[in-house]
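Please take a moment with the sequence and the model shown below before reading on. The paragraphs that follow begin with the whole chain and then turn to particular residues.

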Amino acid sequence: MKFPLLAVFLLGFLTLQGQEIKVVFSGITVGNNAARISGAGIYFLQDQVTIASAKSDSKGSFVFSGSIYKKSPIVVLFSKPGYLPQRHYFDISKLEVPKKTLSITVKLVDTLTAELFPVNPQVSVNVDEKDYAVKYTWEENQGSCTVDYAYKSAYVSNIKQFIAKEEARQLMTKYKDKIREFEQVKDYVNALKYYDLALEQDK
């Protein structure tokens, strides 16, 4: 007689914990020249908590999964030194889980592709944690997520301009510092060299 009581207890416990949604991701990391990027860190986040993580292999491919128990937004973060961190946002509020089902497995997109943008190693470019590169929305009738292509296109255009301007600003600051440094020791040859670089950067 103890086993039915235990089963009822476990079922109640799982219900309190919420239904398990196992999310599977597979995809590739590429550069803006379409070349595959290996060794990129990939992080599955929900409510700023890391659910799972992986690294892209030598061919830039990755596969990983993680379990969640609520339908708040999911973020997948891609990160690699020399590239701008990139976040993909998933709205899964429309995902339907049958009431009597304790666990389901879903693949939100067929192939998750992250196009990472390189940044000059001499400069530091930071983006806000809510600055998403791509936004996806779960559509129950098709059993997968749709992409907001207008948002993605605007992001790519804006981020390229942002990177170029930020790199130019920081490089200009470095050149001016070097000019002052050489002028103080009356090394006008090197000061003039950085002055020329500053003029070229300002074009």
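What percentage of the 203 residues in the protein chain do buried residues make up? In this model, which is predicted, buried residues account for 34% of the 203. The accessible surface of the chain comes to about 12,700 Å², and 55% of that surface belongs to carbon and sulfur atoms.

The chain has three helices and 10 strands, and their order from the N terminus on is α-β-β-β-β-β-β-β-β-β-β-α-α, so that one helix precedes the run of strands and two follow. Among the contacts between residues at least 6 apart in sequence, 65% join residues that are at least 24 apart.

A useful place to enter the strands is His 88, which is found in strand β6, spanning residues 86-91. Is His 88 buried or exposed? Its relative accessible area is 0%, and because a residue counts as buried under 20%, His 88 is buried. The side chain of His 88 makes two polar contacts that can be followed in the model: one of 2.8 Å with the side chain of Gln 86, and one of 3.2 Å with the side chain of Tyr 136. Leaving aside residues up to four places away in sequence, His 88 also touches several others, among them Ile 74, Phe 78, Leu 112, Ala 133 and Val 134.

Two of the residues that His 88 touches, Val 134 and Tyr 136, lead on to strand β9, which covers residues 134-139. Strands β6 and β9 pair in the parallel sense over four bridges, and His 88 stands opposite Val 134 in β9. Along β9 the side chains alternate: Val 134, Tyr 136 and Trp 138 point to one face and are buried, whereas Lys 135, Thr 137 and Glu 139 point to the other and are not buried.

Strand β9 is also joined by four bridges to strand β10, residues 144-147, and these two strands run antiparallel. Within this pairing, Trp 138 has Cys 145 in β10 as its bridge partner. The hairpin of β9 and β10 has four residues between the strands, and Gly 143 takes a positive phi near 65° there.

Turning to the surface, Leu 192, Tyr 195 and Leu 199 make a nonpolar patch of about 300 Å². Tyr 195 lies in helix α3, which spans residues 188-201, and at 45% relative accessibility Tyr 195 counts as partly exposed, because that class lies between the 20% and 50% limits.

Key. Residues numbered from 1 in each chain as written. Predicted model: local features only at pLDDT ≥ 70, side-chain atom pairs only at ≥ 80, totals over all residues. Heavy atoms only, no water. Buried < 20%, exposed > 50% of the residue type's maximum accessible area, 1.4 Å probe, protein only. Contact = heavy atoms within 4.5 Å. Areas by Shrake-Rupley, 256 points an atom, 1.4 Å probe, with all protein chains shown as cover. Polar contact = N/O pair within 3.5 Å; in protein donor to acceptor, adjacent residues only side chain to side chain. Patch = residues over 30% accessible without salt bridge, like charges linked within 9 Å, V, L, I, M, F, W, Y side chains within 5 Å. Salt bridge = Lys/Arg side-chain N within 4 Å of Asp/Glu carboxyl O. Pairing = 2+ DSSP bridges.
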